[in-house]
Amino acid sequence: KTGQNTIANISRRAAIYVYFFIHATKFLKNGGRFGFIVSNSWLDVEYGAGLQEFLLANYRIVAVIESKVERWFDQAGVNTCIVLLEKCDDEAVRNGNQTRFVYLKKPVRHFIPPASELWQGQVDRLRAIDELSQTFLAHDSLYENDDLRVYPKNQKELHDEGYDEERNAYVGSKWGKYLRAPDVFF
């Protein structure tokens, strides 16, 4: 909160990483981008509704990426996801955005080589990151191959499915289904 204005309606049960999203927002200009690797719990739990609502109201949610085959932090006992965002002040642009839910079926090293101190290694790594992002951004409908699954979902639809008309409030939705649910679910 700032003064009497609420920036986001975040539950007291939310993990501390949720506040990094909110704090980082004030450092970005419209069109500025950032990504976080965080616990994936906010996708499906009640306290994640406040973060979902905040992201929907302030960002083009470019992608939410999760791995089926590996944890990205070996020592951590949590499952993680990568959230890629672009700050967007235009509600119409946000509402028209296709959020890509990307489920990796192979380890990240299959898509992106490890970091390197060599110049060519850095160039190759950046090229691989660009190729991966172009792959999931190129699809406006369900796409799947042996490497990954991309489930695009309109951002306005994400908002509407979490909005409770009776309460006149956003109450959240389980976004993890777009990553993990079998095709028959849809």
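The legends below walk through close-up views of this predicted model.

**View 1. The six-stranded sheet.** Let's start with the strands, which form an open sheet in the order 1-3-2-4-6-5, with mixed pairing. Strand 1 (33-39) and strand 5 (143-144) stand at the edges, and each has a single partner strand, so one side of each lacks a neighbour in the sheet. Strands of a sheet pair through backbone hydrogen bonds, in either a parallel or an antiparallel sense.

**View 2. Strand 4 and its two partners.** Here we look at strand 4 (98-104). On one side, strand 4 pairs with strand 2 in the parallel sense over five bridges. Within this pairing, Ala-63 stands opposite Arg-100 in strand 4. Strand 4 also pairs with strand 6, this time in the antiparallel sense and over seven bridges. Tyr-103 stands opposite Arg-149 in strand 6. Is strand 4 buried or exposed? Six of its seven residues are buried, so strand 4 is largely enclosed by the rest of the structure.

**View 3. Strand 5 at the edge.** Strand 5 runs antiparallel to strand 6 (residues 148-154), and two bridges join them. Look for Glu-144, which stands opposite Arg-149 in strand 6. You have met Arg-149 already, as the residue opposite Tyr-103.

**View 4. Two helices across the strands.** Helix 1 lies across strand 1, strand 2 (59-67) and strand 3 (80-87), and runs at about 170° to strand 1. Helix 6 (residues 155-162) lies across strand 2, strand 4 and strand 6, with an angle of about 75° to strand 6. Strand 2 therefore appears in both lists, being crossed by helix 1 and by helix 6.

**View 5. A nonpolar patch on the surface.** Which residues form the nonpolar patch on the surface? They are Ile-16, Tyr-19 and Phe-20, and together they have about 340 Å² of accessible area. Tyr-19 belongs to helix 1 (residues 17-25). With a relative accessible area of 39%, Tyr-19 counts as partly exposed, because that value falls between the 20% limit for buried and the 50% limit for exposed.

**View 6. The surroundings of Ile-82.** Ile-82 sits in strand 3. Setting aside neighbours within four places in sequence, Ile-82 is in contact with Phe-36, Ile-37, Ala-63, Val-64, Ile-65 and Trp-72. Ala-63 is a familiar name here, as it stands opposite Arg-100 in strand 4. To give a sense of distance, the C-alpha atoms of Ile-82 and Pro-114 are separated by 17 Å, and these two residues are 32 residues apart along the chain.

How values were computed:
Residues are numbered from 1 along each chain as its sequence is written. This is a predicted model: local features need pLDDT of at least 70, side-chain atom pairs count only at pLDDT 80 or more; totals for chains, interfaces and linings use all residues. Side-chain values use heavy atoms; hydrogens and water are left out. Patches are made of residues with over 30% relative accessible area and no salt bridge: like charges are joined within 9 Å, nonpolar side chains (Val, Leu, Ile, Met, Phe, Trp, Tyr) within 5 Å. Accessible areas come from the Shrake-Rupley method with a 1.4 Å probe; for residues, only the protein chains shown count as cover. A salt bridge is a side-chain nitrogen of Lys or Arg within 4 Å of a carboxyl oxygen of Asp or Glu. Helices (H or I, at least four residues) and strands (E, at least two) are DSSP runs, numbered from the N terminus. Buried means under 20% relative accessible area, exposed over 50%, partly exposed in between (1.4 Å probe, protein chains only). Two strands pair if DSSP finds at least two bridges between them. Contact means heavy atoms within 4.5 Å. Axes are lines fitted to C-alpha atoms, for helices over the stretch in contact, and angles run from 0 to 180 degrees between N-to-C directions.
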